[in-house]
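Work through the exercises below with the sequence and the model in view. Try each task before reading its solution.

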Amino acid sequence: MSATADDFRWMARALELAARGLFTTTPNPRVGCVIVRDGQMVGEGWHVRAGEAHAEVHALAMAGESARGATAYVTLEPCSHHGRTPPCADALIKAGVQRVVVAMSDPNPLVSGRGLQRLRDAGIDTLAGIQEGEARELNIGFISRMTRGRPWLRLKAAATLDGKTALENGVSQWITGEDARRDAHRWRARSCAVLTGIGTVRDDDPQLNVRAVATERQPLRVVVDARLDTPLNARLLDGGPVLIAAAVDNPERIAALQRRGADVVVLPNDGGKVDLNALMLELGRRGLNEVTAESGFKLNGSLLREGCVDEIVLYLAPFLVGDAARGLFNLPALNALADKRPLNIRDVRLVGQDLRILARPA
């Protein structure tokens with residue numbers, strides 16, 4: 001059955017609903033559902049947080065008997081397995097819906113397609129791929145973890161128009177304006193974790209929590225700290241979960257950090273530094289979908305060199321500070337432009353007086 005204009009209209013509404021769980025659903029995906037009968041919405045809902053009812057259950061509860069013979073629009077293929085909640089495919093079948101339209105199939109290769117097949121086996125018409133691009137963007141971290149075993153890493157940075165992140169003496173607060181800083185907290189709020197390096201912890205003593213926007217969930221704070229140099233009085237150790245990734249196994253130092261509430265994982269590479277790719281896999285095993293890196297130019301460069309960066313969010317402030325100031329990325333010098341690192345620009349917009357660029361490695 002081919003798609004209609006109404007299919008796109010109602011899926012757009014389902015995506016709006018799914019986005020309401022942007023800050024809360026982790027480690028689950030963000031999902032919305034709309035139930036339509038005779039051209040009228042009779043039920044809608046979204047997944048709010050892990051362990052609670054899925055979007056389809058909320059929408060079916062609102063629809064009641066009106067769900068019988070209706071069309072259900074869901075942004076992600078209904079689940080077909082028992083997790084913390086029963087299968088949503090079974091709930092749709094029991095409710096008597098006639099047709100199910102989904103934006104995208106389940107990215108988990110172990111279950112992908114099984115929910116749709118269960119619906120078809122029950123005699124329900126199905127259609128997939130409506131506004132799939134938008135659905136994938138909404139759950140880009142969940143897709144990454146399901147298909148690659150690691151989270152989607154977003155590198156956030158703020159610089160002057162001449163590409164400097166701090167003065168030569170290390171002063172960096174504040175390069176961007178209040179609007180851009182609030183916008184950066186939205187990226188934090190949707191992330192499962194905020195990652196930084198020991199240099200940033202020592203220089204700036206950041207909290208790395210969400211303060212500028214309302215959220216009921218704080219992200220995990222992750223520190224790349226090869227030698228376990230994180231000060232025991234660091235502000236990020238004051239409340240909330242912290243993970244320190246080290247390259248040395250120092251039981252005494254690890255015990256001291258654990259007494260401050262931190263979890264420590266030792267992941268050395270052959271060079272005596274933290275194995276960043278191993279860290280990404282470790283974060284994936286912990287159920288993290290999206291990670292925002294807010295670090296200095298050294299760790300920024302290392303993340304890029306190791307192929308860990310999936311996306312760059314760069315704020316450019318409209319002023320200049322000169323060549324001696326600190327740059328964005330610690331990357332090796334090039335002898336030929338053919339060796340450049342190409343990026344695809346995905347979005348450019350003004351946030352207050354600052355320019356925000358969203359780019360992904362080509």
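The exercises treat salt bridges, strands, helices and annotated positions in turn.

This is a predicted model, in which local features need pLDDT of at least 70, side-chain atom pairs count only at pLDDT 80 or more, and totals for chains, interfaces and linings use all residues. Residues are numbered from 1 along each chain as its sequence is written, and side-chain values use heavy atoms, with hydrogens and water left out.

**Exercise 1. Salt bridges**

Task: Find the partners of E52, D229 and D238, and state how far each pair is apart.

Solution.

Step 1. Side chains of opposite charge can pair when their charged atoms come close. A salt bridge here is a side-chain nitrogen of Lys or Arg within 4 Å of a carboxyl oxygen of Asp or Glu. The count by this rule is 32 salt bridges.

Step 2. E52 pairs with R49, at 2.9 Å from N to O. To describe their surroundings, use relative accessible area: buried means under 20%, exposed over 50%, and partly exposed in between (1.4 Å probe, protein chains only). E52 is partly exposed at 32%, and R49 is partly exposed at 26%.

Step 3. D229 pairs with R227, and their closest N and O atoms are 3.5 Å apart. D229 is partly exposed, with 30%, whereas R227 is exposed, with 57%.

Step 4. D238 pairs with R260, with 2.9 Å between the closest N and O atoms. This pair links distant parts of the chain, 22 residues apart: D238 is in the loop between β8 (220-224) and β9 (242-246), and R260 is in the loop between α9 (251-259) and β10 (262-266). Helices (H or I, at least four residues) and strands (E, at least two) are DSSP runs, numbered from the N terminus. R260 is partly exposed, at 27%.

Step 5. Shared partners also join salt bridges into one network made of R30, E137, R154, R190, E290, E311, R346 and R360.

**Exercise 2. Strand β14**

Task: Which strands pair with β14, and in which sense?

Solution.

Step 1. Two strands pair if DSSP finds at least two bridges between them. Strand β12 (residues 311-317) is joined to β14 by five bridges, and the two run antiparallel. In this pairing L314 stands opposite I357 of β14.

Step 2. Strand β13 (residues 343-351) also pairs with β14 in the antiparallel sense, over eight bridges. Here L350 is opposite L355 of β14.

Step 3. β13 and β14 form a hairpin with two residues between the strands, where G352 has a positive phi near 65°.

Step 4. Strand β14 covers residues 354-361, and six of its eight residues are buried.

**Exercise 3. Two helices**

Task: List the buried residues of α2 and of α6, and say what they pack against.

Solution.

Step 1. In α2 (residues 55-63) the buried residues are A55, E56, A59, L60 and A63. Viewed down the axis of α2, they fall within an arc of 120° (taken from the directions from the helix axis to the C-beta atoms), so they line one face of the helix.

Step 2. These residues of α2 pack against β1 (32-37), β2 (40-46), β3 (71-74) and α3 (88-95). Contact means heavy atoms within 4.5 Å. G64, just after α2, has a positive phi of about 60°.

Step 3. In α6 (residues 140-148) the buried residues are I140, G141, F142, I143, S144 and R145. Their cover includes α5 (132-138), β6 (152-160), α10 (276-285), β11 (290-293) and β14. After α6 comes G149, with a positive phi near 75°.

**Exercise 4. Annotated positions**

Task: Where do A158 and N300 lie, and which residues do they touch?

Solution.

Step 1. The unreviewed UniProt entry annotates a "binding site" over residues including A158, W174, T200, D204 and N300. UniProt positions are given in the numbering used here, feature names are shortened, and annotations may be inferred rather than shown by experiment. The annotated residues spread over 145 residues of sequence and up to 24.3 Å between C-alpha atoms.

Step 2. A158 lies in strand β6 and is buried, at 18%. Leaving out residues up to four places away in sequence, A158 touches K164, T165, I175, T176 and Y315.

Step 3. N300 lies in helix α11 (residues 297-305) and is buried, at 1%. Apart from neighbours within four places in sequence, N300 contacts L155, S295, L328 and F329.
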